[in-house]
Amino acid sequence: MLLLLGEADHASGSNDPPRLKARLDAAGLDALRGERGDGFDPATLVNHTVVLTLRTGLRRRFGRGAGVQAKVIALLSIGESPVEAVLDRETTLQRLRAERLPFGPGTWVEPEDPQRIAIVVSEFGDARRDIEHQLQDLEADGLLRIDRVWAHFEGPSAERSLIDALVRVAALHAEHGLAATILARGGGPVGGFAPLNGHAVAQAATAEKVPGLIVGLGHAGTSRTALDEVAARCEPTPTAAAALVRDLVQRTGIRASGALVAYDAAVQDEIEAAGRIALARAVKAFDEALHSLIAEAEQQLRSLDREIEQSLLAIAACAAEARGPAAASTVLNVDPSPGPMGDAFSAEAPTLVIAADTGRVIAAASEAHASDRILLQFRDGMVSARIEPRPRNHD
């Protein structure tokens with residue numbers, strides 16, 4: 001048997017890499033069947049990536065110079081994915097690069113407050129169940145809103161269905177500003193992932209149309225698809241993709257809690273500052289009120305002192321009247337006309353004149369009234385008197 005081998009890491013840019021013919025003779029085939037079982041069929045190597053141990057050597061070819069001859073010594077591994085799937089993926093990515101469309105992990109921007117997302121899944125698949133199991137409590141509590149977009153991932157209509165679903169997601173993002181989109185499917189045969197390598201599907205999933213795309217494809221052990229490369233985040237399973245969104249929501253809650261604590265602290269500081277200002281104002285107002293009260297009290301005390309003094313003088317006047325002849329009553333005739341008083345006060349003027357009834361000190365003649373009883377305080381004693389008007393002399 002002849003195996004036509006290609007170099008997996010050839011950098012020529014061609015989809016048809018250089019080839020090498022290697023011989024697998026009967027003895028080598030028997031050795032491989034001894035290692036892998038009698039059911040091993042070299043046909044299983046067709047269109048797969050294989051790792052071989054070869055024995056190579058130069059041989060002379062007539063008219064064409066030296067060539068390389070190779071013989072299979074050992075088969076180390078067989079790739080799970082057909083070569084066509086790998087080539088389709090690379091062709092799609094090359095076209096996207098040529099079109100200068102943004103895609104890949106470099107387009108990921110972590111949302112600060114993921115409130116609304118979309119999921120693109122099969123309506124009846126396990127992927128939907130796994131995602132909803134992770135996010136159902138957040139949705140029930142109103143912390144996350146989920147737009148569900150159904151799609152077919154296998155069959156002749158798979159590519160068209162996926163394109164329509166991604167167009168629907170792009171419209172939702174334009175209308176509501178989705179925080180992220182999860183595109184997920186469960187595991188399956190390698191051929192079932194072929195629609196995810198299509199150029200039209202990958203083009204509809206680029207960052208300018210579906211920002212924040214998270215792909216979770218359950219294809220453990222198989223090659224990555226073009227959609228894995230296009231997505232902003234690539235997770236190994238639908239559950240892991242949903243867990244990523246859950247972590248984003250929880251981190252938002254932690255940031256919100258921290259912000260609330262900081263806000264409370266700021267409010268507390270403001271309240272304390274306002275309290276200090278209010279207290280200072282209250283203390284100032286209290287001091288002013290206290291000073292006012294003290295001034296008023298002093299004024300009232302002065303008034304009370306005058307009242308007490310007048311009362312004492314009234315008592316003294318009553319006492320003077322009660323002494324009888326020693327305090328002989330004297331009648332003063334007062335000229336009601338303004339001007340200096342007569343000779344009665346010129347020689348021995350009293351030092352104090354007091355209204356006997358009220359104890360009020362009479363400081364001027366205008367304050368004295370007819371028929372008032374007064375007390376005259378001299379240096380050597382006190383006498384009682386009564387004021388009577390003196391008629392005018394018209395002569």
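The paragraphs below walk through some charged pairs, a surface patch, a cavity and two loop residues in this predicted model.

Salt bridges make a good starting point. Across the whole structure, a search finds 14 of them. One of these joins the side chains of Arg-89 and Glu-90, with nitrogen and oxygen 2.7 Å apart. The two partners fall into separate classes of accessibility. Arg-89 has a relative accessible area of 14%, and it counts as buried because that value is under 20%. Glu-90, at 28%, is partly exposed.

A second salt bridge can be found within helix α3, which covers residues 126-140. Here Glu-132 pairs with Arg-128, and the closest N and O atoms are 3.1 Å apart. Four residues, or about one turn of the helix, separate the two along the chain. Glu-132 is buried, with a relative accessible area of 18%, whereas Arg-128 reaches 23% and is partly exposed. Both values can be read against the limit of 20%: Glu-132 is classed as buried because its 18% is under that limit.

Glu-139 takes part in a further salt bridge, this time with Arg-148, where the closest N and O atoms lie 2.9 Å apart. Glu-139 is partly exposed at 28% relative accessibility, and Arg-148 is also partly exposed, at 28%. The picture then widens, for Arg-128, Glu-132, Glu-139 and Arg-148 are joined into one network by salt bridges that share partners.

Attention now turns from charged side chains to nonpolar ones. Which residues make the nonpolar surface patch of about 280 Å²? The patch is formed by Phe-286, Leu-290 and Ile-294. Leu-290 is placed in helix α7, which runs over residues 238-321. With a relative accessible area of 36%, Leu-290 is partly exposed. This residue can belong to a patch because its 36% is over the 30% that patch members need.

Empty space inside the model can be examined too. Rolling a probe the size of a water molecule over the atoms reveals where such space remains. Two cavities of 30 Å³ or more turn up when the whole structure is searched. The second largest cavity holds about 30 Å³ of space. What kinds of residues line the second largest cavity: nonpolar, polar or charged? Its lining divides into eight nonpolar residues and three polar ones, with no charged residue. Among the lining residues are Thr-107, Val-210, Pro-211, Gly-212 and Leu-213. Also part of this lining are Ala-205, Thr-206 and Ala-207, as well as Val-230, Ala-231 and Ala-232.

Two loop residues complete this account. Arg-100 sits in the loop between α2 (83-98) and β5 (116-121). Its phi angle is near 55°, a positive value in a residue other than glycine. Is Arg-100 buried or exposed? At a relative accessible area of 75%, Arg-100 is exposed.

Gly-187 belongs to another stretch of chain, the loop between β7 (180-185) and α5 (199-204). Its relative accessibility is 53%, and Gly-187 counts as exposed because that value is over 50%. Along the chain, Gly-187 and Ala-127 are 60 residues apart, while in space their C-alpha atoms are separated by 9.1 Å.

Technical notes
Residues are numbered from 1 along each chain as its sequence is written. This is a predicted model: local features need pLDDT of at least 70, side-chain atom pairs count only at pLDDT 80 or more; totals for chains, interfaces and linings use all residues. Side-chain values use heavy atoms; hydrogens and water are left out. Patches are made of residues with over 30% relative accessible area and no salt bridge: like charges are joined within 9 Å, nonpolar side chains (Val, Leu, Ile, Met, Phe, Trp, Tyr) within 5 Å. Accessible areas come from the Shrake-Rupley method with a 1.4 Å probe; for residues, only the protein chains shown count as cover. A salt bridge is a side-chain nitrogen of Lys or Arg within 4 Å of a carboxyl oxygen of Asp or Glu. Buried means under 20% relative accessible area, exposed over 50%, partly exposed in between (1.4 Å probe, protein chains only). On a 1 Å grid over the protein atoms alone, a cavity is a set of points where a 1.4 Å probe fits but cannot get out, and a pocket is an open set with protein on both sides within 12 Å along at least five of seven lines; lining residues have an atom within 4 Å of a point. Grid points are joined across faces, edges and corners, and a volume is the space filled by probe spheres set on the points. Ala, Val, Leu, Ile, Met, Phe, Trp, Tyr, Cys and Pro count as nonpolar, Asp, Glu, Lys and Arg as charged, and the others, Gly among them, as polar.
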